[in-house]
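Reader: I am in my first year and would like to look closely at one part of this chain rather than skim over everything. Could you choose a loop, go through it slowly, and explain each term when you need it?

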Amino acid sequence: MHKIFISEKYCKGCLICVESCPKNVLKASSKITSKGYTLPGAAKPDKCNACGLCEVVCPDFAIAVDKKDKAL
């Protein structure tokens, strides 16, 4: 299983990562930042294939996927 890291400091809650995930791993969580933004969360982390699309589409570079276990 891959680890998904979301930076509360940089995430502005646009949820583009949620919409772009081909495996529907991410969803809007109930966690709200101190600035009032809704953070995404990994609803199905076991489904993540570490494609990195969430990282690519994030306009704030607020999400990262640990790909060290990804099969090549």
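Author: Let us begin with the word contact, which here means that heavy atoms lie within 4.5 Å of each other. The model is a predicted one, in which local features need pLDDT of at least 70 and side-chain atom pairs count only at pLDDT 80 or more, whereas totals for chains, interfaces and linings use all residues. Residues are numbered from 1 along each chain as its sequence is written, and side-chain values use heavy atoms, with hydrogens and water left out.

Before turning to the loop, it helps to see where it sits. The protein chain has two helices and four strands, where helices (H or I, at least four residues) and strands (E, at least two) are DSSP runs numbered from the N terminus. Followed along the sequence, these elements give the pattern β-α-β-β-α-β. The radius of gyration of the chain, taken over C-alpha atoms, is 12 Å, close to the 11 Å that the globule rule gives for 72 residues, so the chain is as compact as a globular protein of that length. That rule is 2.2 Å times the number of residues to the power 0.38. Along its principal axes, the C-alpha trace spans about 40 × 20 × 15 Å. Of the contacts in the chain with a separation of 6 or more, 54% join residues that are 24 or more positions apart.

The part I have chosen is the loop between β2 (26-32) and β3 (38-42), where Y37 is found, as is T33. To describe these residues we need three words: buried means under 20% relative accessible area, exposed means over 50%, and partly exposed is in between (1.4 Å probe, protein chains only). T33 has a relative accessible area of 9%, so it is buried, while Y37, at 29%, counts as partly exposed. In the chain as a whole, buried residues make up 31% of the 72 residues.

What do these loop residues touch, once neighbours within four places in sequence are set aside? T33 is then in contact with E8 and L39, whereas Y37 touches C11, K12, G13, K31 and I32.

G13, one of the partners of Y37, leads us to another loop, the one between β1 (4-6) and α1. With a relative accessible area of 23%, G13 is partly exposed, and beyond its neighbours within four places it is in contact with Y37 and T38. The C-alpha atoms of G13 and G36 are 8.7 Å apart, although 23 residues separate the two along the chain. This loop between β1 and α1 also holds L15, whose phi is near 65 degrees, a positive value in a residue other than glycine. Y10 lies in the loop between β1 and α1 too; at a relative accessible area of 45% it is partly exposed, and, not counting residues up to four places away in sequence, it touches D60 and A62.

The helix that follows this loop in sequence is α1 (16-20), in which we find I16. I16 is partly exposed at 37% relative accessible area, and, again leaving out residues up to four places away, it touches V57 and P59. I16 and P40 are 24 residues apart in sequence and 9.3 Å apart in space, C-alpha to C-alpha.

Finally, compare the loop with the nonpolar interior, bearing in mind that in soluble globular proteins nonpolar side chains tend to be buried together. A nonpolar core is a set of buried Ala, Val, Leu, Ile, Met, Phe, Trp, Tyr and Cys residues joined through side-chain atoms within 4.5 Å. The largest such core here has 15 residues, and those with the most contacts inside it are I4, C17, L26, C54, I63 and V65. Helix α1 and strand β4 (63-65) each supply at least two residues of this core. V65 touches H2, K3, I4, C48, A50, C54 and E55, not counting residues up to four places away in sequence. Between Y37, in our chosen loop, and V65 the C-alpha separation is 21 Å, with their positions 28 residues apart along the chain counted as the sequence distance.
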